[in-house]
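Please take a moment to look at the structure shown below, with its sequence alongside. The paragraphs after it are meant to be read slowly, with each named residue located in the model as you go.

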Amino acid sequence: MEIQLPDVPVALIFSFLDAFSLLQVSRVNKCWNRIADSDHLWRTLCLKRWGFCDLTSKRLGTQTWKQFFLRQIKEERQMALAQPDDFICKEVTADLGVFEEVAYLSANGFTMDGQKKSVVCVVSSKHTLYTWDVQEVGNSEGDIYTFTVPELKNISKVNAFQHSVDLLHCSPDKKWIFAGGIHQHIFSKVFFTDSLLKPSEDSIPLSLEFPCASCYRACWTPRMESRITLMFRKETTKMTGFATFDLATESAEGQTVIRAHQIGSFLLPVHVQSPLWMGASAENLIVFSSGPYLFLFTINGLLLQQFEHHQETIVDLWVDSLHVLTTSLDDSLHVYMWEEEGRYPYLKSCCHLGHMQHDHAADRYISKAICDNVSIAHVVSKRGKFSNLVMYSLHM
């Protein structure tokens, strides 16, 4: 006689499964299929993989969380397998000034009801904000949108240091703000956001000065709410190292304080040139560029991978929870993707997009790139003169 477990314990057991296993158990019988299709289970998988906080059921439209998850995985796989010929390329060459910052305004390339929308925004030296829809391949000017911005209100002002703030990074969950500066020596602090948003005259914002006094780069770990990795240089030996901390607030003697628990650190070998850029993954991995090379280490200093896909020095490194992009002095860019759950190879080389036709003998160019699931935005700037924006849309 078949014994049927109640829905609640079965759903609890299924909550420990990955997506592939959940699809497998859904084929056992009608009861398991119904439980395995639960929006709660698939929404949990979505949050675990992408960590977004702004995607609600209303924005999801008519899709179920299962349909959304499978569609996103399909697009990620298409990006991972893409070759240069799979992209539709559009270049903006109009005189729009030097592009100083670039970002996506769309929801990280997530597709709602099958609608792919990648809207790229750049800030120009001409004090102008430009935006383009990457999928709308039209004239060289692109499609320019106009946005109205509500009145900006100053919530609080905090004197972090006696000198200028040169580094400012907000954690993925917006609970922490890292600030650093350089003035004769390097210093850094982390602030608890709630204490900045609710200031009072007799209270001091919660902050913690890091023991790595010579920190000159920092990055938050994707999908890890309170984990930060610092890149520092020891002044005595001039050696470069990394230190990773988990942050938390605790009550001590009637007061709330910030604690930083160091979970890993290491110094680079002397033969490795000091990095300029760095990033981190949720699997306790650190990626950084050094000359034309890309290195992947654990947070405790074990070298896992080394890549050499550029002939020139890597001038920019962009990292999110899914992708790693590198750009070099010859304007070329390379796309990598993180493997799921720390499986080897931890970082997979995907495709290389060659440089545009510039006169490199005459000058060097500053290059940076960002991407989502279905597109890549690549900015190439001749310092102080002009910028080109190249947009690659993946042909689905």
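What follows is a walk through this structure, from its interior cavity to its aromatic rings, its cysteines and a few pairs of residues.

Before starting, keep in mind that this is a predicted model.

A good place to begin is the inside of the protein, where the structure holds one cavity of 30 Å³ or more. The volume of the largest cavity is about 30 Å³, and its lining consists of Thr221, Arg227, Thr229, Thr244, Ala280, Ser281, Asn284, Leu285, Ile286 and Ile299. Which elements give two or more residues to this lining? They are strand E10, covering residues 227-233, strand E13, covering 277-281, and strand E14, covering 285-290. If the lining residues are sorted by class, four turn out to be nonpolar, five polar and one charged.

One of the lining residues, Asn284, deserves a second look. Asn284 is found in the loop between E13 and E14, and its phi angle is positive, at about 60 degrees, although Asn284 is not a glycine. Is Asn284 buried, partly exposed or exposed? Its relative accessible area is 31%, and therefore Asn284 counts as partly exposed. Another residue with a positive phi is Arg223, where the angle is about 65 degrees and the residue is again not a glycine. Arg223 has its place in the loop between strand E9, residues 215-220, and E10. With a relative accessible area of 32%, Arg223 is likewise partly exposed.

We can now turn to the aromatic side chains. A pair of aromatic rings is described by the distance of the centres and the angle of the planes. In this model the count comes to twelve aromatic pairs. Phe288 and Phe297 form a pair that is stacked, with 5.6 Å from centre to centre and 20 degrees between the planes; the angle fits this label because planes under 30 degrees apart count as stacked. Both Phe288 and Phe297 are buried. These two residues also belong to a cluster linked by ring pairs, which joins Phe242, Phe266, Phe288, Tyr293, Phe295 and Phe297. A ring can also have a charge above it, as at Trp277, where the charged end of Arg217 sits over the ring at 4.6 Å from its centre.

The cysteines come next. How many disulfides does a search of the whole structure find? The search finds zero. Cys350 is an example of a cysteine in no disulfide, for the nearest cysteine sulfur, that of Cys351, is 6.7 Å away, whereas a disulfide requires two cysteine sulfur atoms within 2.5 Å. Cys350 has a relative accessible area of 10% and so is buried, while Cys170, with a relative accessible area of 42%, is partly exposed.

The last part of the walk concerns pairs of residues that are separated along the chain, and for each pair it helps to compare the separation in sequence with the distance in space. Lys174 lies in the loop between strand E5, residues 167-170, and strand E6, residues 176-183. At 53% relative accessibility Lys174 counts as exposed, because the cut-off for that word is over 50%. Although Lys174 and Glu225 are 51 residues apart along the chain, their C-alpha atoms are separated by 8.6 Å.

Towards the start of the chain, Gln4 lies in the segment before helix H1, which covers residues 7-14. The relative accessibility of Gln4 is 40%, so this residue counts as partly exposed. Between Gln4 and Cys31 there are 8.9 Å in space, C-alpha to C-alpha, and the two are 27 residues apart in sequence.

Finally, Thr240 has its place in strand E11, residues 240-252. Is Thr240 buried or exposed? At 4% relative accessibility Thr240 counts as buried, since buried means under 20%. The partner to look for is Cys215, which is 25 residues from Thr240 along the chain, with 9.6 Å separating their C-alpha atoms.

Methods
Residues numbered from 1 in each chain as written. Predicted model: local features only at pLDDT ≥ 70, side-chain atom pairs only at ≥ 80, totals over all residues. Heavy atoms only, no water. 1 Å grid on protein atoms, 1.4 Å probe; cavity = no way out; pocket = protein on both sides within 12 Å on 5 of 7 lines; lining within 4 Å. Points joined across faces, edges and corners; volume = space filled by probe spheres on them. Helix = DSSP H or I, 4+ residues; strand = E, 2+ residues; numbered from the N terminus. Nonpolar A, V, L, I, M, F, W, Y, C, P; charged D, E, K, R; others polar. Buried < 20%, exposed > 50% of the residue type's maximum accessible area, 1.4 Å probe, protein only. Phe/Tyr/Trp six-rings, centres within 6.5 Å; stacked < 30°, edge-to-face > 60°. Lys NZ or Arg CZ within 6 Å of the ring centre and 35° of its normal.
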